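Grab your viewer and work through these short exercises on a ligand and the space around it. Try each one yourself before reading the solution.

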Amino acid sequence: MLEYERNSSPSGLGLKITGVDLKNEIDPVILSQLRSLWVEYSILIFSGQKLSHLEFEKFSLNFGEYGDDPYIDSIEGHPHIIEVRKEANEKATHFGSSWHSDWSFQKRPPSATLLHSKIIPPVGGDTLFANTIRSYEDLSEELKSELKDLKITHSASLPYADDGFYALEKEKDRSMKIVPSKEAKKTYTHPLVRTHAETRKKGLFINPVYSLGILDMPENESKRLLDYLYSHMIQEKYILRHKWQANMLIMWDNRSVMHQAEGGYEGHKRLLHRITIAGERPS
Ligand code: SIN
């Protein structure tokens, strides 16, 4: 029987789920319960789930079609699974180290990301999530009305362009297969305040990795406003800190959280597998 437990974080995020074995076919009633809990709490956490690639793929497809994962080579034979990997002796900065919402530069960014842990270091390597709906709701009515019709340009250029972070990084021992490209300079414009397609709740759809600037606003004003919003969004009260063990699967909703991977595990290997699920055009 499916059981769930909230954590003590004030963020309103995250639910630990037990009583379901993800290797098995999931009963449609349980599946619909999982979907409702996922959109309500944004992050579902399943422990003790040892999964093969095929089982991971099969479970993920319960939540929609695969997303499109550019700029990172997938696992051979599994074009929709990427490895989030750092070797024990690797000097390159760990992947996902700044706040972001997965692939927000796409026309239809992924709704869900599923991350399955294989090798987890004994210290560090937590993943932090920030509740972008709560942080929006807490803004003053005056600021909400200022943000109401703003649009913001997103692109993958900062990390993935041919002159971006990964192309120019000095440390050459990165074990993840990242493929920078000119394509990464392509931009998409999304509303700064996004209405969640399932809950209809409004949230801030911005992040410092992929959001370039607010449309029709002078650069310095846009930067000032975004910097203010980012520091508001990452206050402790909006954050869930996820501590990993091997064989955990977590799935989060990119429409209501942004996330960041923490380091602090030098000398230890960390390996997880990731799948994204296609979302809708933000509105
Ligand atoms: C990611 O940004 O998808 C990676 C998160 C993590 O490694 O904890």
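**Exercise 1.** How far is an oxygen atom of the ligand from an N or O atom in the side chain of His-100? Then look for other polar side-chain atoms beside the ligand's oxygens.

*Solution.* Keep in mind that this is a predicted model.
- Step 1: for His-100, the distance from a side-chain N or O atom to a ligand oxygen comes out at 3.0 Å.
- Step 2: go on to His-259, where a polar side-chain atom sits 3.1 Å from an oxygen atom of the ligand.
- Step 3: do it again for Arg-274, and you get 2.7 Å between a polar side-chain atom and a ligand oxygen.
- Step 4: polar contacts are cut off at 3.5 Å, and the His-100 pair, at 3.0 Å, is within that.

**Exercise 2.** How much of the ligand's exposed area does the protein bury?

*Solution.*
- Step 1: strip away the protein, and the ligand on its own exposes 260 Å².
- Step 2: put the protein back, and 100% of that area is buried.

**Exercise 3.** Which residues surround the ligand, and which strands supply at least two of them each?

*Solution.*
- Step 1: with a 4 Å cut-off, list the shell: Val-84, Gly-96, His-100, Leu-115, Thr-127, His-259, Ala-261, Arg-270 and Arg-274.
- Step 2: sort the shell by type, which gives three nonpolar, four polar and two charged residues.
- Step 3: map the shell onto the strands; β15 (257–261) and β16 (270–277) each bring in at least two residues.

**Exercise 4.** Search the whole structure for cavities: how many reach 30 Å³ or more, and what lines the largest?

*Solution.*
- Step 1: the search turns up three cavities of 30 Å³ or more.
- Step 2: take the largest cavity, with its volume of about 120 Å³. Its lining has 13 residues, and Val-84, Phe-95, Leu-115, His-259 and Ala-261 are the closest to its centre.
- Step 3: split that lining by type into five nonpolar, five polar and three charged residues.
- Step 4: check the strands again. β15 and β16 each give the lining at least two residues, and β15 contributes the most, with three.
- Step 5: tie this back to the ligand, whose space is the largest cavity.

Notes. Residues numbered from 1 in each chain as written. Predicted model: local features only at pLDDT ≥ 70, side-chain atom pairs only at ≥ 80, totals over all residues. Heavy atoms only, no water. Polar contact = N/O pair within 3.5 Å; in protein donor to acceptor, adjacent residues only side chain to side chain. Areas by Shrake-Rupley, 256 points an atom, 1.4 Å probe, with all protein chains shown as cover. 1 Å grid on protein atoms, 1.4 Å probe; cavity = no way out; pocket = protein on both sides within 12 Å on 5 of 7 lines; lining within 4 Å. Sits in = over half its atoms within 2 Å of the grid points. Helix = DSSP H or I, 4+ residues; strand = E, 2+ residues; numbered from the N terminus. Nonpolar A, V, L, I, M, F, W, Y, C, P; charged D, E, K, R; others polar. Points joined across faces, edges and corners; volume = space filled by probe spheres on them.
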